[in-house]
Amino acid sequence: MRTSLMTWWGAAAALLILLCSLSASAATPKGDWLLLPDRVWTADGDVAHAGWAVLVRDGMISAVGPAGSIDAPADARRVTLPGATLTPGLIDLHSHLFLHPYNETLWNDQVLTEPQDYRTLLAAKHARDTLLAGFTTLRDLGTEGAGYADVSVKRAIDEGLIPGPRLFVATRAIVATASYGPGPRGFRPDIALPGGAQEVSGVDAAMAAVREQAARGADWIKIYGDYRVGPDGATAPTFTAAELKALVDTAHQIGRPVAVHAASDAGVRMAVEAGVDSVEHGYGASEATFRLMKQHGIAYEPTLTAVESTAEYFQHYVPGKSEPTERMREADHAFRTALKLGVTIGNGSDVGVFAHGENWREPAAMVAGGMTPAQALHAATDVAARILRQSQRFGRIAPGLAADLAAFSGDPSAQIDALQHPVFVMKAGLPYLTPDHTP
């Protein structure tokens with residue numbers, strides 16, 4: 001036992017040393033940087049501009065335009081990015097840093113058997129992998145049994161202790177009593193199980209949970225509006241209309257927007273009628289419900305990659321070879337319906353179900369579902385920033401915004417698969433990946 005503990009702590013110490021050294025190597029003093037890619041995609045339009053450059057000064061974008069028009073200081077550090085397109089740093093609006101792929105460890109086993117200390121260290125590694133993939137901002141929608149540890153990871157990133165994207169966190173998420181996991185179905189009734197989220201029943205308990213999570217550091221409130229609680233595990237709403245309205249109204253009163261997990265048409269409609277700010281998944285939503293969502297200006301994160309990934313793990317789906325599963329067809333139909341109706345669609349992948357650092361798969365899935373590459377890039381940059389209420393801070397390449405930037409080989413505004421190949425990543429004016437430095 002003593003040997004295994006020493007081995008665990010040794011591995012943990014090694015990981016911390018690695019992460020801290022990577023953060024320290026990136027955290028060079030902010031100064032002037034002249035970035036010289038082949039082209040720049042600013043998110044202000046659909047087409048990348050050939051021959052443009054970007055000047056970064058003290059963590060902010062100072063100038064963008066034709067390279068010859070930018071008056072860069074003589075001592076500015078020049079980074080040439082041949083063959084690459086510079087874009088705003090990418091944003092994933094639905095992530096779970098405390099999860100890893102279910103074909104490695106099932107969700108139940110992650111929550112039941114992996115210590116929170118271990119999961120927090122793993123989340124730090126996932127944050128690093130995400131940043132190096134060109135995603136400079138994440139909305140993390142629930143620690144899935146790891147308490148409020150996301151607040152600590154966010155703090156460590158903000159203080160420069162570890163490398164990672166900007167985090168907007170939701171802490172524990174809120175579920176109706178006995179409607180989430182692990183269990184209680186399938187477990188002995190005399191066993192007290194850890195929960196993947198905070199369970200509540202009744203309006204008063206719902207309001208108290210929102211206030212507690214906000215006080216603990218939640219930027220967003222995450223609610224499970226429906227789940228597999230119906231007969232034979234059918235997806236059905238979990239909260240009453242009064243409970244759901246109390247959750248949303250309390251969150252809004254204290255300045256927290258609300259994201260709702262809802263996969264059924266009834267669950268999505270209840271969430272929309274309660275006034276939520278974004279709907280996650282929405283696979284079973286009808287056209288009428290999507291029309292209502294558009295009418296109310298509610299954002300939609302389709303999480304297409306999560307559906308494909310679970311089909312691979314549990315239904316023997318093989319990409320490029322197998323026919324799509326019924327759930328995949330349902331998700332694709334919902335996405336195409338929302339796109340046709342002009343619903344605001346943000347890039348949200350549910351990463352954690354699949355490997356962190358492969359976040360690019362969601363924009364690629366949206367293009368496969370009918371978006372143009374430029375639309376998918378918008379969903380992962382300026383549209384996502386608008387959903388986060390952060391348009392005045394980041395999401396575009398424009399003077400006065402934070403220098404959150406990524407460059408990719410090729411041109412993702414024309415071929416979305418270029419997002420697989422990041423060659424440069426900068427967050428707040430600090431470089432984390434450059435052509436001559438690959439951590």
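Trainee: How much space lies in the largest pocket?
Mentor: The model is predicted, so local features need pLDDT of at least 70 and side-chain atom pairs pLDDT 80 or more, whereas totals for chains, interfaces and linings use all residues. Residues are numbered from 1 along each chain as its sequence is written, and side-chain values use heavy atoms, without hydrogens and water. A pocket is an open set of points on a 1 Å grid where a 1.4 Å probe fits, with protein on both sides within 12 Å along at least five of seven lines. Filled by probe spheres set on those points, the space in the largest pocket comes to about 1,200 Å³.

Trainee: Which residues lie nearest the centre of the largest pocket?
Mentor: The lining (residues with an atom within 4 Å of a point) holds 38 residues, which divide into 17 nonpolar, 12 polar and nine charged. Nearest the centre of the pocket lie Tyr102, Tyr180, Tyr227, Arg228 and His261.

Trainee: Which element gives the most to this lining?
Mentor: Elements giving two or more residues include α2 (107–113), β11 (221–224) and α10 (326–341). With four residues, the one that gives the most is α9.

Trainee: How are α6 and α7 set to each other?
Mentor: The axes of α6 (residues 241–253) and α7 (residues 265–274) come within 9 Å and cross at roughly 50 degrees. Angles under 35 degrees count as roughly parallel, over 145 as roughly antiparallel and 65 to 115 as roughly perpendicular. The two helices, α6 and α7, are therefore oblique.

Notes. Ala, Val, Leu, Ile, Met, Phe, Trp, Tyr, Cys and Pro count as nonpolar, Asp, Glu, Lys and Arg as charged, and the others, Gly among them, as polar. Axes are lines fitted to C-alpha atoms, for helices over the stretch in contact, and angles run from 0 to 180 degrees between N-to-C directions.
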